[in-house]
Amino acid sequence: MKKERTYIDKVHTWGSIWSVSALAALFLVPLMFSIRYNAFPQFSTLLKALAAVVPIYWSTAIVEVITYTPMLGAGGTYLSFVTGNITNLKLPCAMNALERAEVKASSEEGELISTVAIAASAITTTIVIAVGVLLFAPVLPHITADDSVVKPAFEYVIPALFGALGASYFAKYWRLAILPILAGVVVYIFSPSMPVGTMIFITIVVSILGAFGMYKLKWVK
């Protein structure tokens, strides 16, 4: 008797297919340009360039998968890594949706809610970017020019986004927020160039250990 495939089985199947397809599409772009203009980089030069870049990102890539998957769920993880911009958009949207629904990402409800939230974020982002490019393309050079009075605001978009999202969590769980914030500050003092993905992993580990310690000491319930 053939075993019926579960929702998670289908998620992993289609997630793998689309992940491989997206990766192939990314590699096809430079390959098509190389074929069209007959401009292939020398292997030694390419290897030398990759040797300087790959060590910076391979650890971050592994850390991000380990870190994000428990928070996003299986479907949300595949969708996020295919559409990108996880830290800035997909993760905050998923966490906000899970908190409002009062469910965990590891539950069946959380799996669906996280996936839907990330899909809605991806669609909304695409629409907003398309509309923004069409409407703001003529004026963008003027408002981002060096002599523009609003230029400094563009440098604080991401800090403002995370500050607004983090403020509610910090206010609600301020005891749990102290240790990871201090850990992040200390790490960046001694290693200001550390990748964001690695920093997220460090602060999450500190958060888990700190929360476990506080629970054992009965400082939190």
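This section describes the fold, the nonpolar core, the aromatic pairs and the backbone irregularities of a predicted model.

The protein contains nine helices and zero strands. Read from the N terminus, its elements follow the order α-α-α-α-α-α-α-α-α. The C-alpha trace spans about 70 × 65 × 40 Å along the principal axes. Of the 221 residues in the protein, 22% are buried. Among contacts with a separation of 6 or more, 57% are between residues 24 or more positions apart.

The largest nonpolar core is made up of seven residues, namely Y68, L72, I86, L91, A94, I118 and I200. Two or more residues are given to this core by each of α2 and α3, the latter covering residues 86-101. Helix α3 supplies the largest share, with three residues. I200, a member of the core, lies in α9, which covers residues 196-216. Outside its neighbours within four places in sequence, I200 is in contact with T67, Y68 and T87. One of these partners, Y68, is itself a core residue. Y68 counts as buried because its relative accessibility is 1%, under the 20% limit.

S80 is located in helix α2, which covers residues 43-83. The relative accessible area of S80 is 0%, and the residue is therefore buried. When neighbours within four places in sequence are set aside, S80 is in contact with L72, I86, K90 and I118. Of these partners, L72, I86 and I118 belong to the largest nonpolar core. The serine thus has contacts with core residues, although serine is not among the residue types that a nonpolar core can include.

A search of the whole structure returns two aromatic pairs. In one of them, F33 and Y37 are stacked, with 6.4 Å from centre to centre and 10° between the planes. Both residues are in helix α1 (residues 7-37), where they are four residues apart, about one turn of the helix. An α-helix has 3.6 residues a turn, so residues three or four places apart point the same way. Y37 counts as exposed, because its relative accessibility of 55% is over 50%. The ring of Y37 also has a charged group over it: the charged end of R36 sits 5.2 Å from the ring centre.

The other pair is formed by Y68 and F81, whose ring centres are 6.4 Å apart. Their planes lie at 50°, so this pair is tilted. The two members differ in accessibility: Y68 is buried at 1%, whereas F81 is partly exposed at 34%.

Helix α1 has 31 residues and extends 45 Å from its first C-alpha to its last, close to the 45 Å expected at 1.5 Å a residue. The helix nevertheless contains a kink of about 25° at L28, shortly before the proline P30. The buried residues of α1 are V11, G15 and S34. Just after the helix, N38 adopts a positive phi of about 50°.

A kink is also present in helix α7, which covers residues 157-172. In α7 the kink is about 30° and is centred on G166. This helix has 16 residues, and the distance from its first C-alpha to its last is 24 Å, close to the 22 Å expected at 1.5 Å a residue.

Positive phi values also occur at E102 and K218. E102 has a phi of about 55° although it is not a glycine. The residue lies in the loop between α3 and α4, the latter covering residues 108-136. With a relative accessibility of 71%, E102 counts as exposed. K218, likewise a residue other than glycine, has a phi near 65°. K218 is placed in the segment after α9, and at 75% relative accessibility it counts as exposed.

Terms used. Residues numbered from 1 in each chain as written. Predicted model: local features only at pLDDT ≥ 70, side-chain atom pairs only at ≥ 80, totals over all residues. Heavy atoms only, no water. Buried < 20%, exposed > 50% of the residue type's maximum accessible area, 1.4 Å probe, protein only. Contact = heavy atoms within 4.5 Å. Core = buried A, V, L, I, M, F, W, Y, C linked by side-chain atoms within 4.5 Å. Phe/Tyr/Trp six-rings, centres within 6.5 Å; stacked < 30°, edge-to-face > 60°. Lys NZ or Arg CZ within 6 Å of the ring centre and 35° of its normal. Expected span 1.5 Å × (residues − 1). Bend = angle between axes of the 7 residues up to and from the residue.
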